[in-house]
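Subject: Structure handover

Hi,

Here is the structure I said I would pass on to you. Have a look at it first, and then read on for my notes.

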Amino acid sequence: MAGRVRDRSADGVVHWWFYAYAAFGFVAAVAHGFVVGWSLAVALETVILFALSGSLVYSGVDARGRDVSQPGLARAAGLTVLTGLSFSLLAVAVALIWQLEGHPVVDVEFMVVFAMWLGLAVGAQASLYVVAAEEKRRRLADLVKLLTMNQRVLRHNLRNELSVVDGHLQNIERRVGDGDRDVEVARDHVTKILETSERTRRILGIWESDNCRDQDAGEVLAAAVERLRDDYPGVDVEVAASDDAVVSAHSALDDAMYEVLANAVEHNDDVSISASVTNPPGDEVVVEVTDDGSGIPGREYDILEQPEETTLSHASGLGLWLVYWTVRESGGSVEFVEDEDGTTVRFRLPDATAKPGLWGRLVGRSR
């Protein structure tokens, strides 16, 4: 399959075509000197052809190291030849035009050979880049399909099956009575799986949608704090917000703020939280949530900087992924700061009231 990462343990020989082009170039460079006769100028021309041929050796090494399928490398090798032939035909056309217009045509042989290997050198790198980009795009398209399929499974099949399990647990509970330890543990795990599937669905929904709108960050934060107090009565939260902090953000911003607040409560005992919204000079609004707890366990936020999920981090950081994608899709950034006084989570979001500068008006203000 062309879009598949190839197995490095079973490398093919297609990349050797680039070495063959280089070897042919070395031979052509030497042959050019013997055909037209050696001189200082011809020697310099030979050096130029050697340099272009040497770049094809690099292309062969580069081709072997790229995650490109063997059919993809074969296509790149073919495109390289076509590019070289196109360049040489262009040189022939230029020489013919000069001759028809009565201009003196000098060293046509070198001009054609030079154009040929210049085209091979340029075509090799361009073709490898294009083929690799196309195969990566196909893999990413397949990944999107896989994510969509997983979302549908989590949304429908998994929830339906777990509902059946929960119903049978209720039947068992009626027979054995309340307080059965096995039933409680089973129900707790069912609940956690349902919560995980719901969070995954929400994260995919954020990633798939383009639902940004102007929001009062202070009001969103206040609503998230009220929601937190409803879920965790008695929690100590201090709130301070500017009156003019209107941001352009994803509609899931309230969920992201709640996740940060709830994370501080869930991972700490008797924690104090301070939350603020400020609108400093510039084009960003800053939202900060600080707690005096022991910090996010195991620096779970490190997973946001990793190139891929690991077996140690794939489940526990879903709430942080929801925060990350919400802020990112809003065109902002999120950072985590830990010190001896606690942990601060800081959002930087686009100020919806800020006037874009000249560059922003020319290219359009990005989310």
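To begin with, how many helices and strands are there in the protein? There are nine helices and seven strands. Please keep in mind that this is a predicted model.

Some overall numbers may help you get your bearings. The protein has 367 residues, and 36% of them count as buried. About 21000 Å² is exposed, with carbon and sulfur atoms supplying 58% of that area. If you take the contacts between residues at least 6 apart in sequence, 75% of them join residues at least 24 apart.

Now to the interior. The largest nonpolar core has 42 residues, and those with the most contacts inside it are Leu-228, Leu-253, Met-257, Ile-273 and Phe-347. Among the elements that give two or more residues to this core are helix H5 (181-208), helix H6 (217-231), strand S4 (272-278) and strand S7 (342-350). Helix H7 gives the most, with nine residues. A grouping of this kind fits a general pattern: in soluble globular proteins, nonpolar side chains tend to be buried together.

Which residues does Leu-228 touch, leaving aside those up to four places away in sequence? They are Val-235, Val-237, Tyr-258, Leu-261, Ala-262, Val-265 and Ile-273. Apart from this core lies another one, of 20 residues, which include Phe-18, Ala-22, Ala-28 and Leu-120.

Strand S4 is worth a click as well. On the one hand, strand S2 (residues 236-241) runs parallel to S4, and six bridges join the two; here Ala-240 stands opposite Ser-276 in S4. On the other hand, S4 pairs with S5 in the antiparallel sense, again over six bridges, and Ile-273 stands opposite Asp-291 in S5. S4 and S5 form a hairpin with five residues between them, and Gly-282 in the turn has a positive phi of about 130°.

Finally, the surface. Leu-140, Leu-143, Leu-146, Met-149 and Val-153 form a nonpolar patch there, and together they have about 420 Å² of accessible area. Met-149 belongs to helix H4 (residues 108-176). Is Met-149 exposed or partly exposed? Met-149 counts as partly exposed, because its relative accessibility is 44% and the exposed class begins only over 50%.

Happy browsing, and best wishes!

How values were computed:
Residues are numbered from 1 along each chain as its sequence is written. This is a predicted model: local features need pLDDT of at least 70, side-chain atom pairs count only at pLDDT 80 or more; totals for chains, interfaces and linings use all residues. Side-chain values use heavy atoms; hydrogens and water are left out. Patches are made of residues with over 30% relative accessible area and no salt bridge: like charges are joined within 9 Å, nonpolar side chains (Val, Leu, Ile, Met, Phe, Trp, Tyr) within 5 Å. Accessible areas come from the Shrake-Rupley method with a 1.4 Å probe; for residues, only the protein chains shown count as cover. A salt bridge is a side-chain nitrogen of Lys or Arg within 4 Å of a carboxyl oxygen of Asp or Glu. Helices (H or I, at least four residues) and strands (E, at least two) are DSSP runs, numbered from the N terminus. Buried means under 20% relative accessible area, exposed over 50%, partly exposed in between (1.4 Å probe, protein chains only). Contact means heavy atoms within 4.5 Å. A nonpolar core is a set of buried Ala, Val, Leu, Ile, Met, Phe, Trp, Tyr and Cys residues joined through side-chain atoms within 4.5 Å. Two strands pair if DSSP finds at least two bridges between them.
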